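Colleague: Before we go through this model, could you take me from each computed value to the label that it carries?

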Amino acid sequence: MTDHVAPVSDCSVDSCDYNHDGCTAYAITVGGTPDHASCSTFIDTTETGGLPKVLASVGACLRSECRHNDHLMCTAHDVRVGPGAESADCLTYQSR
């Protein structure tokens, strides 16, 4: 089991309320559909969310078929989130 917490190194999803020159959520959850992995923490409202600084990490990864997944935790060095099939895809995802 890993003791590493993967940071969110980049988020290029401008419409997410947690993205203020980087992800300001405390942690994100990676989920999605069988076709692709996405950031399940993505939210697009009129609110501004998050912490006053960029600090995000991956709190949980539901994609057990990803090669970076160890006991539902992300072991990647870092995670990038960007537009894709969904509004906020996990661009670091790699199937085994």
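**From values to labels**

Modeller: Tyr26 is a convenient place to begin, in the loop that lies between strand S1 (8-11) and strand S2 (27-33); please keep in mind that this is a predicted model.

Colleague: What makes Tyr26 exposed?

Modeller: The relative accessible area of Tyr26 is 62%, and exposed means over 50%, so Tyr26 is called exposed. Together with Leu51 and Leu55, Tyr26 makes a nonpolar surface patch of about 310 Å².

Colleague: Why is Arg63 counted as buried, and why is Glu65 called partly exposed?

Modeller: Arg63 has a relative accessibility of 5%, and because buried means under 20%, the label follows for Arg63. For Glu65 the relative accessible area is 29%, which falls between the limits of 20% and 50%, so Glu65 is partly exposed.

Colleague: How do you know that the side chains of Arg63 and Glu65 meet in a salt bridge?

Modeller: The N to O distance between these side chains is 2.5 Å, and the cut-off is within 4 Å, so the pair of Arg63 and Glu65 qualifies. A search of the whole structure finds 1 salt bridge.

Colleague: Which residues have the most contacts inside the largest nonpolar core?

Modeller: That core has 20 residues, and those with the most contacts inside it include Val8, Cys23, Ile28 and Val81. At least two residues of this core come from each of S1, S2, strand S3 (36-39), strand S4 (57-61) and strand S7 (79-82). Beyond its neighbours within four places in sequence, Ile28 is in contact with residues including Val8, Cys23, Val58 and Val81.

Note on methods. Residues are numbered from 1 along each chain as its sequence is written. This is a predicted model: local features need pLDDT of at least 70, side-chain atom pairs count only at pLDDT 80 or more; totals for chains, interfaces and linings use all residues. Side-chain values use heavy atoms; hydrogens and water are left out. Patches are made of residues with over 30% relative accessible area and no salt bridge: like charges are joined within 9 Å, nonpolar side chains (Val, Leu, Ile, Met, Phe, Trp, Tyr) within 5 Å. Accessible areas come from the Shrake-Rupley method with a 1.4 Å probe; for residues, only the protein chains shown count as cover. Helices (H or I, at least four residues) and strands (E, at least two) are DSSP runs, numbered from the N terminus. Buried means under 20% relative accessible area, exposed over 50%, partly exposed in between (1.4 Å probe, protein chains only). A nonpolar core is a set of buried Ala, Val, Leu, Ile, Met, Phe, Trp, Tyr and Cys residues joined through side-chain atoms within 4.5 Å. Contact means heavy atoms within 4.5 Å.
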